[in-house]
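Please take a moment with the sequence and the model shown here before reading on. The paragraphs after it are meant for a reader who has not seen this structure before.

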Amino acid sequence: MRKFYVIGNLKMNMLSREEAAQYLSVLRREVQGKRYEHVTGAVCPPFLYLSQFDHLPEGIKKGAQNLFPEKSGAYTGEISPVMLKNDGVEYVIIGHSERRQHAGETNEMIREKIVAALKHHLIPIVCIGEMAAERRAEETDRILALQIQTIFAGLSKSQAEKIIVAYEPCWAIGTDVLPTTGELLQVRVMLRKMFTEMFDAQTAERIAVLYGGSVKSSFLAEVSWEAQMDGVLVGHESLFPYELVKMMGLCEEEALRQNEQSSSRIG
Ligand code: PEP
């Protein structure tokens with residue numbers, strides 16, 4: 001059955017509890033009366049507001065933007081996977097390019113965080129993607145292969161299939177410059193091939209791959225299902241609940257269409 005994800009990365013936005021509350025009340029209003037059977041939505045607010053994000057509308061899960069790969073202890077300023085789990089968090093973004101850039105996160109560190117997330121039953125959304133200079137040097141495939149091989153090294157099939165991968169080319173984040181559907185399709189095919197080689201075909205099918213980078217509802221189809229992606233990771237536009245909910249609605253319609261098509265083929 002076709003299924004999509006729409007994940008909102010609220011980043012370091014909303015400057016007060018009041019702003020966070022305002023966001024939530026608009027989100028609740030937008031979702032009212034809507035049902036999602038084939039879409040999982042999630043919003044990932046700053047840590048400080050996580051407890052305000054309890055009781056999200058049905059179909060929208062609580063996510064976080066990072067974790068530290070230890071249960072507890074002398075790690076000043078960090079947040080553990082157990083704390084997140086105990087606070088009702090279900091999804092966690094790991095290895096976002098902004099963390100690679102500003103906090104020096106490496107593929108090895110990202111792998112450790114994924115293992116910690118899985119151990120504590122959080123679903124990791126791991127970000128991969130090449131930088132602009134790497135793209136210009138035609139190194140996209142090599143960079144993505146290196147990221148995937150390091151991040152998934154030593155994981156079992158059952159661990160791997162729980163991970164959601166977000167392909168976020170760094171040059172597309174916050175720039176309004178997007179890859180073409182054809183380019184995304186190439187990445188999708190390459191990732192499926194890599195996962196098949198590392199694990200097997202069934203596991204490769206189960207690892208969801210999202211696209212992220214300047215996504216808007218107006219061209220959701222081109223960067224999502226037309227590129228065989230399993231949904232989107234949304235930055236800036238997720239600050240507008242109307243947009244996020246619109247994307248969820250479009251994904252729900254598309255999933256229904258695809259599911260009907262495949263059941264009429266079987267029938
Ligand atoms: C992101 O940073 O995860 C992202 C997708 O950002 P934006 O949509 O703002 O490009």
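What follows goes from the ligand to the pockets, and then to a few single residues.

The model is a predicted one, and its ligand is a convenient place to begin. The ligand is surrounded by 15 residues, and the closest of these are Lys11, His96, Glu168, Gly174 and Ser214. Sorted by class, this shell holds eight polar residues, four nonpolar residues and three charged residues.

Several of the closest residues can be followed down to single atoms. In Lys11, a polar side-chain atom lies 2.5 Å from an oxygen atom of the ligand, while an N or O atom in the side chain of Glu168 is 2.8 Å from an oxygen atom of the ligand. With Gly174 it is the backbone that takes part, since a polar backbone atom of Gly174 is 2.7 Å from an oxygen atom of the ligand. On its own the ligand has 300 Å² of accessible area, and the protein covers 97% of this area.

Lys11 deserves a second look for its backbone. The residue is placed in the loop between strand E1 (4-9) and helix H1 (17-31), and its phi is near 50°, a positive value in a residue other than glycine.

From here the reader can turn to the pockets. The largest pocket has a volume of about 440 Å³, and of the 19 residues that line this pocket, the closest to its centre are Lys11, Met12, Gln65, Asn66 and Arg99. Helix H3, which spans residues 97-103, gives the most to this lining, with four residues. In terms of class, the lining of the largest pocket is made up of eight nonpolar, seven polar and four charged residues.

The second largest pocket has a volume of about 340 Å³. It is lined by 17 residues, and those closest to its centre are Ser97, Arg100, Gly129, Met131 and Cys170. The elements that give two or more residues to the lining of this second pocket are H3, strand E5 (123-128) and helix H6 (140-151), and H3 gives the most, with four residues. The lining of the second largest pocket has seven nonpolar, six polar and four charged residues.

One residue close to the centre of the largest pocket, Asn66, can be examined further. Asn66 sits in the loop between strand E3 (60-64) and helix H2 (81-86). Is Asn66 buried or exposed? Asn66 counts as buried because its relative accessible area is 6%, and the cut-off for a buried residue is under 20%. The side chain of Asn66 is also joined to the side chain of Lys113 by a polar contact of 2.8 Å.

Two histidines in other loops complete the tour. His55 is found in the loop between strand E2 (39-44) and E3, and although His55 is not a glycine, it has a positive phi of about 55°. His55 counts as exposed because its relative accessibility is 71%, where the cut-off for exposed is over 50%. His120, in turn, lies in the loop between helix H4 (107-119) and E5, and this residue is buried because its relative accessible area is 17%. Measuring from C-alpha to C-alpha in the model, His120 and Asp87 are 12 Å apart in space, and they are 33 residues apart in sequence.

Note on methods: Residues are numbered from 1 along each chain as its sequence is written. This is a predicted model: local features need pLDDT of at least 70, side-chain atom pairs count only at pLDDT 80 or more; totals for chains, interfaces and linings use all residues. Side-chain values use heavy atoms; hydrogens and water are left out. A residue is near a molecule or strand if one of its heavy atoms lies within 4 Å of it. A polar contact is a pair of N or O atoms within 3.5 Å; within protein, one must be able to donate a hydrogen and the other to accept it, and residues adjacent in sequence count only if both atoms are side-chain atoms. Accessible areas come from the Shrake-Rupley method with a 1.4 Å probe; for residues, only the protein chains shown count as cover. Ala, Val, Leu, Ile, Met, Phe, Trp, Tyr, Cys and Pro count as nonpolar, Asp, Glu, Lys and Arg as charged, and the others, Gly among them, as polar. On a 1 Å grid over the protein atoms alone, a cavity is a set of points where a 1.4 Å probe fits but cannot get out, and a pocket is an open set with protein on both sides within 12 Å along at least five of seven lines; lining residues have an atom within 4 Å of a point. Grid points are joined across faces, edges and corners, and a volume is the space filled by probe spheres set on the points. Buried means under 20% relative accessible area, exposed over 50%, partly exposed in between (1.4 Å probe, protein chains only).
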